[in-house]
Each structure stands twice: as structure tokens, then as C-alpha cells.
Amino acid sequence: MGRKLLIDKAGVPGIRGYEVYRREGGYASVEKAMKNMTPDQVTDEVKKSGLRGRGGAGFPTGMKWSFLAKPEGVPRYLVCNADESEPGTFKDRYLMEFIPHLLIEGLIVSSYALGSHSTYIYIRGEYAWIPDILEQAISEAKAAGWLGKDILGTGFDLEIYVQRGAGAYICGEETALLESLEGKRGNPRIKPPFPAIKGLWDSPTVVNNVETLAAVVPIINISGEEYAKIGVGKSTGTKLLSACGNINKPGVYEIDMTISVEEFIYSDEYCGGIANGKRLKACIPGGSSVPILPANLLLKTAKGETRMMNYESLSDGGFAKGSMMGSGGFIVLDEDQCVVRHTMTLARFYRHESCGQCSPCREGTGWMEKILKNIENGKGKKSDIDLLWDIQRKIEGNTICPLGDAAAWPVAAAIRHFRDEFEWHVDNPEECLRRNYGLANYADPLVAA
Ligand SMILES: Cc1cc2nc3c(=O)[nH]c(=O)nc-3n(C[C@H](O)[C@H](O)[C@H](O)COP(=O)(O)O)c2cc1C
């Protein structure tokens, strides 16, 4: 069993409340950081830990913090990205729902390091019940003296605010999030300038994921050096994964990034194998935006090595033969799943969530959805598959924010690895409908919508 640093105590009765959390050692990192360390020393510790952002891109957190501009007399902000809207990803929800004080503790230490006196948690609107849990934890922490004015007599003041989003995936993109936090429509900003220079209210800002900020707590408690010893290579520490799809044990798991993909899927400690005794067909290992991998490339890399559950191994082979850790949403497909239908469902999501600012994304996501609907509905042509390929190529890299890439990559990977399945749909329109719905002329509401 690997080491657990984040959710190991999530099952302790009463841990959601302050008393139990504190009794279990909570807020020790705030005491340690504020009493014995300068803000720069906290940042150095995070650098030493090798922690990489858990929101998707995997950018080194300590490095991001060191980019924060510190002009005299200008406020700085820390913003916690709790938008978590990527299909298949629900790890941050688990952490906030079951062990909310861990996030609040991580926010206090991180705010101290960055010099943020007003820190925001931007949470997706659909997590309707979680802001109350967070606000309760914030008021408990404040009552206990961990928030407010002159914390621990250090002269450091901090308030944490919870802001609810209105339910838009694009508001998870950090600059769209900042626009939304400022009360505007959530359209991504052109970068540079990056938020570290010009972020919230034009002030220097760090935006980090929930899990990233929670990980600062064990880093300070055990030291950056100790944290870096857990895991492998540049995949240090532990990682939360939300596992779903055709597995026996869907849920949120914490791994130390030294286990293989095979172990993660088949071991009883994690996913417990494929449901109903079916065979593994494919998997999207890091949330809906990352490339799908067929079973053979999922369990072994193209070099024939065992594929491991860490950043480097999951991306081994590039996009042609690998994928990404992404946001940690591990979606498993069994042998009965239709990749075309699955890709169509994702395309529908991205079309709906495109903010419409950039034409390749605004127009392209709609075209992709329409073509995929046609293929799935038995109305596709062979040339549609090439057209689909062409459209995704024209979206990728041609938009202000990476939502365009996120929409293009699943389509590209599905065609790359499952072209025969697309061709089968074109060649067998009636069979395709019969297989999916039992009737050749069944009007599937999803396809017809
Ligand atoms: C369309 C889109 C949606 C995103 N959604 C999220 C999200 O829900 N949560 C998150 O932490 N990062 C999300 N990101 C990544 C953020 O822009 C940003 O990189 C991240 O919050 C940085 O935190 P980290 O360095 O701790 O990973 C999204 C990016 C894009 C392009």
C-alpha cells in the first residue's frame, strides 16, 4: 500500500469539523510556517518538494509562486481553482466535501508564502452543497484564530472568501476564472501578461488547483525534501485520482505514483477490475480532454515497458502512442463501449462549453459534433472521418485558451486508435443502430437532439 498524505484521514468520524481535524494534527503546518519560517522559506520548501500543479498542466508550483510580481503597495492574490468541471474528474469535490479544513489549512500557508491577504475559492456552481461546508470550515478556523487579523501574533492578516461560479467549464481556465471573479463574462484573456504579473483586479495573482494547495500542508509538515522522495522522477508526492466508468470500484483514490496502470485498474485496493467480468477496451487516464488509449497502449508503452501511473509514463510515446495525467479523471471503457458514440458525447460537451470567443473553437466544435452525430446515426461518409481529422487539426493551437485543444485531442485520439470503428459505422449504418439501440430506425434522443 502506497503512502497517503491527503485523504488518509477523510474517513475519520467528525473530521469535517474543526475539533477532530485539529486533534488529528490539523493546522500544524500553519504553526510551523508562521512561527519558524519566512514566506520565502515556505516557497523554497514547495520548490524542493517538486510539487506539480494538479489542475491539469502539471506546471511546477514552486516555480509558479516565484514568478509572482511583488511591486510595493500593490495587493497580491491567491485564487483557489475549485471549478472542477472536466468530465470524469471529481477528486477536488471529495477533498472539499470530506476534509475541508485541509484545503483551508493549505490556503493559509500558501497565502502567507505569497503575501495574499484576501484569498478566494472559486467553486463550480453545480457543487451547490459544498460552499456551505467550506464556509463552515472558514468560520471555525477564524474562531480558532487561524484566520483574521494578526494571525498567531505575526502581524499577518488573511480572509478567505468563497465565490460560486454559474456552471461554465470555461471558468476553470485561470484567466476566464479571474474575469468571472471580477463579475464579468468568463472569457479567457490573452496571455501574456500572465496572472503572476496582471491577474485579479490587474494585481499579481497565483491561481492553483484545490489538490495543489492542499498538498502544501504535508510538504510543510514533512519537509519538501521528504515529499520529493515519495513517487518517482518528476512525479513527486501523492496524486488523487477519480476513477469511473466500467470498473468494479469507482471512487477517489490517492496513489504515490509508483504503481502501474494495470495495478490501478485490477487491484482490489483501487478500481477492483472491469465490471461484470468484461474485457478492458480503452481508457482516458486524465479527464475528458486527454487522448484515449486502447488497452494495449494503456498497459504497456510503445517501447513495451510497463505503463506506470505517473506524469512521465502516461505521456510516454507523445500523443501518437501516449496520453496524459491531466486532471486525474480516470475513465475506463469496457469491450461493449462504442468509441464513436463516446467521442460524440464529448464533442457535444465541448461545443456547449466553448465560450465562442475564437472562431476555430466556436465553429469547429459544432462541426465536429454534427459530423460525429451523423456517423453515429448511420448517416456518415468515409470522407467525414478525414474531414473530422482536418477540423480538429485546425482547432488545435489556434485559440486563445486550451479549451480548443481539449476539444480537439479526444477526437484526434479516437480516430488515430479506433479508425476501424468509425469506418464500421459508415459501412454498417443499420447494424450500428441495432447494436446501440436494438432497432434500426430507433430515434435516439441524444443523437436527435
Ligand atoms: C477549459 C479549461 C478548464 C480548466 N478547468 C480547471 C479546473 O476546473 N480546475 C483547475 O484546477 N484547473 C483547471 N484548468 C487549468 C487552469 O487554467 C490552471 O492551469 C490551473 O488552475 C492551475 O493550477 P495548478 O498549477 O495548481 O494546476 C482548466 C483549463 C482549461 C483550459
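**Exercise 1. The loop between α8 and β5**

Locate P192 and P193 in this predicted model, and determine the state of the peptide bonds from K191 to P192 and from P192 to P193.

Solution.
- Step 1. P192 belongs to the loop that runs between α8 (174–181) and β5. P193 is placed in the loop between α8 and β5.
- Step 2. The bond joining K191 to P192 has an omega near -5 degrees and is cis.
- Step 3. For the bond joining P192 to P193, omega is near 0 degrees, and this bond is cis.
- Step 4. As background, most peptide bonds are trans.

**Exercise 2. The backbone at E84**

State where E84 is found and what its phi is.

Solution.
- Step 1. The loop between β1 (76–82) and α5 (91–98) holds E84.
- Step 2. Phi of E84 is positive, at about 20 degrees, although E84 is not a glycine.
- Step 3. For reference, most residues other than glycine have a negative phi.

**Exercise 3. The shell around the ligand**

Describe the residues around the ligand by proximity, by element, by class and by domain.

Solution.
- Step 1. There are 25 residues around the ligand, and those that come nearest are G53, G55, G172, N209 and T212.
- Step 2. Two elements, β5 (205–209) and α18 (403–427), each give two or more residues to this shell. The greatest contribution is that of β5, with three residues.
- Step 3. Sorted by class, the shell comprises nine nonpolar, nine polar and seven charged residues.
- Step 4. Domain 1 (18–229) and domain 3 (339–448) each supply at least three residues to the shell.

**Exercise 4. The packing of α16 and α17**

Derive the relative orientation of helix α16 (residues 359–376) and helix α17 (residues 382–395) from the angle at which they pack, and identify the residues of their contact.

Solution.
- Step 1. The angle is about 160 degrees, and the axes of α16 and α17 are 10 Å apart.
- Step 2. Angles over 145 degrees count as roughly antiparallel. Therefore α16 and α17 are roughly antiparallel to each other.
- Step 3. The crossing in which α16 passes α17 is left-handed.
- Step 4. On the α16 side, the contact is made by P360, C361, G364, W367, M368, I371, N374 and I375. On the α17 side, D384, L387, L388, I391, Q392, K394 and I395 take part.
- Step 5. This contact of α16 with α17 contains ten nonpolar, three polar and two charged residues.

**Exercise 5. The packing of α3 and α9**

Apply the approach to helix α3 (residues 39–49) and helix α9 (residues 210–222), starting from the angle between them.

Solution.
- Step 1. Helices α3 and α9 pack at about 95 degrees, and their axes lie 10 Å apart.
- Step 2. An angle from 65 to 115 degrees counts as roughly perpendicular, so α3 is roughly perpendicular to α9.
- Step 3. V42, E45, V46 and S49 of α3 meet V216, I219 and I220 of α9 in the contact.
- Step 4. The classes represented in the contact of α3 with α9 are five nonpolar, one polar and one charged.

**Exercise 6. Domain 2 and domain 3**

List the domains of the chain, then characterise the contact of domain 2 with domain 3.

Solution.
- Step 1. The assignment gives domain 1 (18–229), domain 2 (235–334) and domain 3 (339–448).
- Step 2. A distance of 23 Å separates the C-alpha centres of domain 2 and domain 3.
- Step 3. Nine residues from domain 2 and eleven residues from domain 3 form the contact.
- Step 4. On the side of domain 2 that touches domain 3, seven residues are nonpolar, two are polar and none is charged.

Note on methods: Residues are numbered from 1 along each chain as its sequence is written. This is a predicted model: local features need pLDDT of at least 70, side-chain atom pairs count only at pLDDT 80 or more; totals for chains, interfaces and linings use all residues. A residue is near a molecule or strand if its C-beta atom, placed from the backbone, lies within 6 Å of it. Helices (H or I, at least four residues) and strands (E, at least two) are DSSP runs, numbered from the N terminus. Ala, Val, Leu, Ile, Met, Phe, Trp, Tyr, Cys and Pro count as nonpolar, Asp, Glu, Lys and Arg as charged, and the others, Gly among them, as polar. Domain bounds come from an automatic or database domain assignment. Axes are lines fitted to C-alpha atoms, for helices over the stretch in contact, and angles run from 0 to 180 degrees between N-to-C directions. Angles under 35 degrees count as roughly parallel, over 145 as roughly antiparallel, 65 to 115 as roughly perpendicular and the rest as oblique. A crossing is left-handed if the near helix is turned anticlockwise from the far one by less than a right angle, and right-handed if clockwise. Two residues are in contact if their C-beta atoms, placed from the backbone, lie within 7 Å.
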